[in-house]
Amino acid sequence: MNSIFKRTAAALAASVALAAPVAAELTGELRIFLDTSNPAPRATMEAMIDRFAAQHPGLEIETTVIDREAYKTQIRNFLTADTPDVATWYAANRMKPYVEAGLFEDVSDLWAEAEIGDNLASTKGAMTIDGKQWGVPYTYYQWGVYYRKDIFDELGLTEPTTWEEELANCQKIVDSGRACYTIGTKFLWTAGGWFDYLNMRTNGFDFHQQLANGEVSWEDGRVKQTFANWKQLIDMGAFIDNHQTYSWQEALPFMVNGEAAAYLMGNFAVAPLREAGLSDDQLDFYQFVSINPDVELAEDAPTDTFHIPSNASNKEAAREFLRFVVSPDEQTEINNGKNLGQLPVNAKSAVDDDKFLNQGFEMLSSNSPGGVAQFWDRDAPAEMAKVSMEGFQEFMVKPDNADRILAKLERARQRIYDN
Amino acid sequence: MTTAAEAPEQESWFHRNQQRIAPWLFLAPGLLFFMVYVIIPVFQSFNLSLYEWDGLGAAEYVGFRNYEDLYWEWVDRDAFFISLKNNLIWLILYLAAIPAGLFIALFLNQTVWGIRLYKSLFFFPFVISQVVVGLVFTWFYDPTFGLLNEFLAFFGLGPLNVLGDERFVTYGIIVAGLWPQTAYCMILYLTGLNAVDPEQIEAGRLDGAKGWRMLWHIILPQLRPATFIAFVVTIIGALRSFDLISIMTQGGPFGSSRVLAYYMFEVALSEYGFRMGYGAAIAVILFLIMLCFIAYFLWSMYREERGH
């Protein structure tokens, strides 16, 4: 009885909400797998799916939310057996194994539609492998330096733009008894962010991608220059001690307590910093400084995506869902400060009026001429990412081992890209 | 014994062979599961270790290349070497749980008021999950607010980042592992002590045995079965140490606390892994090491059986 009542109520609600006309009535079952297991993104996604369901009352939608870390290994199973119709994943090289194994549906037809092709042009490259597109993005976010403005003011510092200013600033912060940067490298990838920026600023975006694709030796003089720059910061005590023991979340208190002045992170760090009690007057953002004036600035902006598995059973409804996700209104809604708090992928969407989102959007759209990278562990093949990030962590603890570490990475490169 | 002989001649084949078939029938379910979940996968692993396979596409036959790569990792003092070395450290130090368990058991083997409570408190670490043990010790070792460094600072020592220093990390995790393992050995010895023959102790007393001599010559020989089980359980526990490493360090810092079991998982099944063949090759090596111990255990059990 109760369930019948609920269904009737849902149908009623749906028919009321059905204001916009729908082209073709979708029927059947649509199964959606999500990795957005954190509470806020989860609620955002569920609300979005509810709105989609309201437009398509004939569709029976089943949503499964899987823990974000567990999802990374489970995806291999559910793409081959008991496959959903829509699944979340990441752009660039991270989707390559599934594309090559023929497990992701080619959705170039969606990108051929003006509505998507024109409005999502900026992320098309990240979704393209072999000249075809394999999914659609739903959000992305900038990386950069989040810093304690009150500490900078206290020490009379301004946002640096060059490497010299950066080093001078950092020296003053260290002299005041603080660390310049907090970081937690226990799970390795945070060190990958530092490498991304240092290498892209020292050698440029194209060189960085060549390195990720295994086309350059790790013992190349240019890579050594990147590490020499990194060593300057390490030797002056720029990073907090014992960072190898902390996760990125465990490294946050150092910044909140004022023991460290800044954090090189993705925009997702803002929410926990605010929750920990830092006001927007205390917290600010600047673009990572330029190091080599001859190379163009390039940024990290990881993109999260939706895909249709090749084994999906309701591809028509899945395509409609992807269209819905990237539509301007939905993009504005799910990326606003109350929801994901990130950047919309659709050029026609509005960026929420948030200090950090606006700065990030500004930076990515006008001050990143070199290109936009996904992130080290998404641009490089998984195996190389793992070995190299372990090397970065070791380097940050023992900078004097640089040559030995680079020799090890070079051996790994020859083995990994060989096949 | 005599029923079979007295049975009438016109009986079905099943009835005639009942005595011989029955044990196999009873064993069948166990054998079946043992075959499906243990024996066959052992051979499958070996087979898989000859391939290069990412778990998705087609597997490519590469012969012994995975083992060759392992050999080079050994020569280069790389991940495989570190894992094997750590496995050895685990094997040796983990055995400390046996004497520790014995002495706690001897200490608790008395009748005073509330002894059951004390026994349960000592047994407590074995009851709680390894995950909890790992977390507790991670916080205990924490370089900024951990109890260990507070304690060291009291004596003017430290600070020590146990889990962040490649020299100490393995030992730090082993200490965490010894906590529940000691409790387990203690329980084994406590039950063993119940079976110690009081007459022999009495006889020993009359002959003037006391203290260490009493323990060594009279008590310990009677605890042999308990020691044997404690030994088996501890060796196997050391070789498959995985959960604590996964929780406390994820093999870090920079891979210095890996053991074979964790390295295998990392290579084959973790976020950046999926070299199934390579993982299988590591599994085969681990299996061969375990096989040495298993063979030894089986052999000594067989000898024991024949002795009686």
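A residue counts as buried here if 20 or more other C-beta atoms lie within 10 Å of its own. I start with that because the burial pattern on one strand depends on it.

The model is predicted. The strand is β10 of chain A, residues 283-286. Which of its side chains are buried? A:L283 and A:F285 are, and they point to one face. A:D284 and A:Y286 point to the other face and are not buried. In a regular strand the side chains alternate between the two faces of the sheet.

Now the neighbour of that strand. β7, residues 143-148 of chain A, runs antiparallel to β10(A), and 4 bridges join the two. One pairing to look at is A:Y147, whose bridge partner in β10(A) is A:D284. A:D284 is one of the residues on the face that is not buried.

Next, chain A as a whole. Its secondary structure comes to 20 helices and 13 strands. The radius of gyration is 23 Å, and the globule rule gives 22 Å for 419 residues, so chain A is as compact as a globular protein of that length. The C-alpha trace spans about 70 × 50 × 40 Å along its principal axes. Of the 419 residues, 47% are buried. If we take contacts between residues at least 6 apart in sequence, 77% of them join residues at least 24 apart.

On to domains. The assignment for chain A gives two entries: domain 1 is 2-14 + 24-140 + 302-349, and domain 2 is 143-300 + 375-416. Their C-alpha centres lie 32 Å apart. How many residues of each are in contact with the other? The count is 8 residues of domain 1 of chain A and 9 of domain 2 of chain A. On the domain 1 side, those residues divide into 4 nonpolar, 3 polar and 1 charged.

Last, the contact with chain B. On the chain A side 21 residues take part, and on the chain B side 19. Which helices of chain A each supply at least two residues? They are α3 (68-78), α4 (96-100) and α19 (382-397). The largest share comes from α19(A), with 8 residues. By type, the side of chain A that touches chain B has 7 nonpolar, 6 polar and 8 charged residues.

As for confidence, the predictor gives the complex an ipTM of 0.81 and a pTM of 0.84. Chain B has a mean pLDDT of 88, with 97% of its residues at 70 or more.

Methods. Residues are numbered from 1 along each chain as its sequence is written. Chains are lettered from A and ligands numbered from 1 in the order in which they are written. This is a predicted model: local features need pLDDT of at least 70, side-chain atom pairs count only at pLDDT 80 or more; totals for chains, interfaces and linings use all residues. The radius of gyration is taken over C-alpha atoms; the globule rule is 2.2 Å times the number of residues to the power 0.38. A residue is buried if 20 or more other C-beta atoms lie within 10 Å of its own, exposed if 12 or fewer, and partly exposed in between; C-beta atoms are placed from the backbone. Two residues are in contact if their C-beta atoms, placed from the backbone, lie within 7 Å. Ala, Val, Leu, Ile, Met, Phe, Trp, Tyr, Cys and Pro count as nonpolar, Asp, Glu, Lys and Arg as charged, and the others, Gly among them, as polar. pLDDT is the predictor's confidence in each residue, from 0 to 100. Domain bounds come from an automatic or database domain assignment. Two strands pair if DSSP finds at least two bridges between them.
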